[in-house]
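Here are a few exercises to work through with the model open beside you. Try each task before you read its solution.

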Amino acid sequence: MAQKALDAQVAQNAQELGTHTGARDRERIRRAMTAYFVLGPQDVEPQGRTVLDAVEQALAGGITFLQLRAKPGDAGDILELARQISAVLPAGEPGVDRPYFVIDDRVDVAWAARREGLPVDGVHVGQTDLPVRHVRALLGKDAVIGLSTGSVAEAEAAAPLADVIDYVGIGPYHDTISKADAPDGLGAERFRAVAQAARPLPNCAIGGVTPADAPQIAANGGDGLCVISFICRAPSIEQAARDLRSAWENAR
């Protein structure tokens, strides 16, 4: 039954793809890049914290975008975390009343969560994950889809897909400890080139980013700051989230 429901949804979504413009909420999404927080159990449990506690504190600090990135994680466990997070998100429109909420990589979990009526807005995928056109067909025209980019070539490939993709993450900006297989940091000049190549898509800088980077990232075409370690490892998650948002708003 679940497979039949999925097949029917994919067929319906594929028929509706032409109505997704990508520009529908683009400026709202661009504004929501301000303070983008990524976390999973692997990021907070070594600090003696839970995902739910970290999310609640980050919400209090004013994060504007949230990504659940559980590495590794079974589909059922990630879905349960999505349920728990959904229960503490403010009600209302994403980017207006609450942060956007996406799930990393797991299109299946995002589909299931949305089918349950959870406020999961979509997914963030990498270059080697399911192609974004398939993701769009699975999740439908209203889902938010983010894509990781780390080079001008990847950004140039993403830009023509602005009818499918809603934003790109660009990085790593600095060398980072949060992803074992991350390449060397881009730095300001290469970041600027990638951001320019990805236009008109909104972007956020990720990879070793801190509030101190906000002026340089803003000056080089960035739309916001995306962090893992800066918030997860902070003595006060709420204060770190507040500092991140304040730094970008001042830089912008």
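**Exercise 1: an arginine in a loop**

R199 counts as partly exposed, at 33% relative accessibility (buried is under 20% relative accessible area, exposed over 50%, partly exposed in between, with a 1.4 Å probe and protein chains only). The model is a predicted one, where local features need pLDDT of at least 70, side-chain atom pairs count only at pLDDT 80 or more, and totals for chains, interfaces and linings use all residues. Residues are numbered from 1 along each chain as its sequence is written, and side-chain values use heavy atoms, with hydrogens and water left out.

Task: work out where R199 lies and which residues R199 touches.

Solution. Start with the place: R199 is in the loop between α9 (187-198) and β7 (203-206). Helices (H or I, at least four residues) and strands (E, at least two) are DSSP runs, numbered from the N terminus. Next, the neighbours: leaving out residues up to four places away in sequence, R199 touches R30, A159, G221 and D223, where contact means heavy atoms within 4.5 Å. Then look at the side chain of R199, which reaches the backbone oxygen of L201 at 3.5 Å. Finally, check P160: it is 39 residues from R199 along the chain, with 9.2 Å between the C-alpha atoms.

**Exercise 2: two helices and their buried faces**

Task: find which residues of α12 are buried, and what covers them.

Solution. First check the helix itself. α12 has 15 residues (237-251), so at 1.5 Å a residue it should span 21 Å, and its end C-alpha atoms are indeed 21 Å apart; the expected span is 1.5 Å times one less than the number of residues. Now pick out the buried ones: I237, A240, A241, L244, A247 and W248. They cover an arc of only 130° around the axis, so they sit on the same side of α12 (the arc is that of the directions from the helix axis to the C-beta atoms). An α-helix has 3.6 residues a turn, so residues three or four places apart point the same way. The cover over the buried residues of α12 includes β1 (35-39), α4 (51-61) and α10 (214-219).

Task: do the same for α4, asking which residues are buried.

Solution. The list is V51, A54, V55, A58, L59 and G61. Seen down the axis of α4, these fall within an arc of 155°, so they line one face of the helix. Among the elements covering them are β1, α5 (75-88) and α12. Step just past α4 and you'll meet G62, with a positive phi of about 100°.

**Exercise 3: a histidine and a threonine**

Task: is H124 buried or exposed, and what does its side chain contact?

Solution. H124 is found in strand β4 (residues 122-125). Its relative accessible area is 6%, so H124 is buried. The side chain of H124 makes a polar contact with the side chain of Y167 at 2.8 Å. A polar contact is a pair of N or O atoms within 3.5 Å; within protein, one must be able to donate a hydrogen and the other to accept it, and residues adjacent in sequence count only if both atoms are side-chain atoms.

Task: where is T34, and is T34 buried or exposed?

Solution. Look in the loop between α2 and β1. At 3% relative accessible area, T34 is buried. A polar atom of its side chain lies 2.7 Å from the backbone oxygen of R31. Beyond its neighbours within four places in sequence, T34 is in contact with residues including D223, R245 and W248.
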